[in-house]
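User: Please take a close look at a single strand of this protein and at the parts of the chain around it. I should like a connected account that a computational chemist can follow.

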Amino acid sequence: MKLIFFLGLAIGIVALFRSMISRLRGPALPVAEAARRVAAGSAILIDVREPGEWASGVAAPAYLAPLSDLQGGRRKWKLVLEELAGREALLYCASGNRSAVAARLLQREGIKAQNVGRYHDWHRAGLPARGPNDPASAN
């Protein structure tokens, strides 16, 4: 009986935790819509993962600018912010958490920004990808 109680409690805690994470992330823009906006020139795509994570591949049109740089010296973000020029910033990472943080940070600075979620979703949708040292198709 105690085992069933604790099992139910554990399942409830996990469900609550997942719900809280989803609310923090906010709704992610579907990758197909993100690709359409980038192709139309109304948005730029930004990979906010750390450089070591880019080896697994990046979205072909993505700028590579880690969240840590956005929160720090903005060395890589300087060019990205110049390139935005009134366009929307569409951000992704490995889980959707860091891209949600980056989107909120940019929104607070008056920049139109939206979380696209995970790189895995972009890749799984069959959208163009490249290696981190290959030139971006959007740049």
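Analyst: The expected span of a helix is 1.5 Å times one less than its number of residues. That definition is needed for a helix discussed further on; the strand comes after a brief orientation.

The model is predicted. Its average pLDDT is 86, and 79% of the residues score at least 70. Over residues 21-25 the pLDDT is below 50, and this stretch has 8 contacts in the model beyond near neighbours in sequence. The protein contains 6 helices and 6 strands, and from the N terminus on the order of the elements is α-α-β-β-β-α-α-β-α-β-α-β. Of its 139 residues, 38% count as buried. Among contacts with a separation of 6 or more, 65% are accounted for by residues 24 or more positions apart. The accessible surface comes to about 8,000 Å², and carbon and sulfur atoms contribute 62% of that surface.

The part examined here is strand E1, residues 43-47. Because 5 of the 5 residues of E1 are buried, the strand is largely enclosed by the rest of the structure. In a regular strand the side chains alternate between the two faces of the sheet. For E1, one side carries Ala43, Leu45 and Asp47 and the other carries Ile44 and Ile46; these residues are all buried, and both faces are thus covered.

Two pairings involve this strand. E1 runs parallel to strand E4, residues 88-93, and 5 bridges join them. E1 also pairs with strand E3, residues 63-64, in the parallel sense over 2 bridges. In the pairing with E4, alanine 43 stands opposite glutamate 88; in the pairing with E3, isoleucine 46 stands opposite tyrosine 63.

Glutamate 88 merits attention of its own. This residue of strand E4 has a relative accessibility of 6% and therefore counts as buried, the cut-off being under 20%. Leaving aside neighbours within four places in sequence, glutamate 88 is in contact with Arg37, Ser42, Ala43, Ile44, Lys112, Ala113 and Gln114. Serine 42 lies 46 residues away along the chain, yet its C-alpha atom is separated from that of glutamate 88 by 6.4 Å.

The backbone elsewhere in the chain has some points to note. Most residues other than glycine have a negative phi. Alanine 85, in the loop between H4 and E4, has a positive phi near 40 degrees. At 65% relative accessibility, alanine 85 counts as exposed. Arginine 74, in the loop between helix H3 (67-70) and helix H4 (75-84), also has a positive phi, near 60 degrees. The relative accessible area of arginine 74 is 22%, so this residue is partly exposed.

Helix H5, residues 97-108, is the one for which the opening definition was given. Its 12 residues should span 16 Å at 1.5 Å a residue, and its end C-alpha atoms are 17 Å apart, which agrees. The buried residues of H5 are Ser99, Ala100, Ala102, Ala103, Leu105 and Leu106. An α-helix has 3.6 residues a turn, so residues three or four places apart point the same way. After H5 comes glycine 110, with a positive phi near 85 degrees.

To return to the part requested, E1 is buried in 5 of its 5 residues, and its parallel partners are E4 and E3.

How values were computed:
Residues are numbered from 1 along each chain as its sequence is written. This is a predicted model: local features need pLDDT of at least 70, side-chain atom pairs count only at pLDDT 80 or more; totals for chains, interfaces and linings use all residues. Side-chain values use heavy atoms; hydrogens and water are left out. Buried means under 20% relative accessible area, exposed over 50%, partly exposed in between (1.4 Å probe, protein chains only). Helices (H or I, at least four residues) and strands (E, at least two) are DSSP runs, numbered from the N terminus. Two strands pair if DSSP finds at least two bridges between them. Contact means heavy atoms within 4.5 Å. Accessible areas come from the Shrake-Rupley method with a 1.4 Å probe; for residues, only the protein chains shown count as cover. pLDDT is the predictor's confidence in each residue, from 0 to 100.
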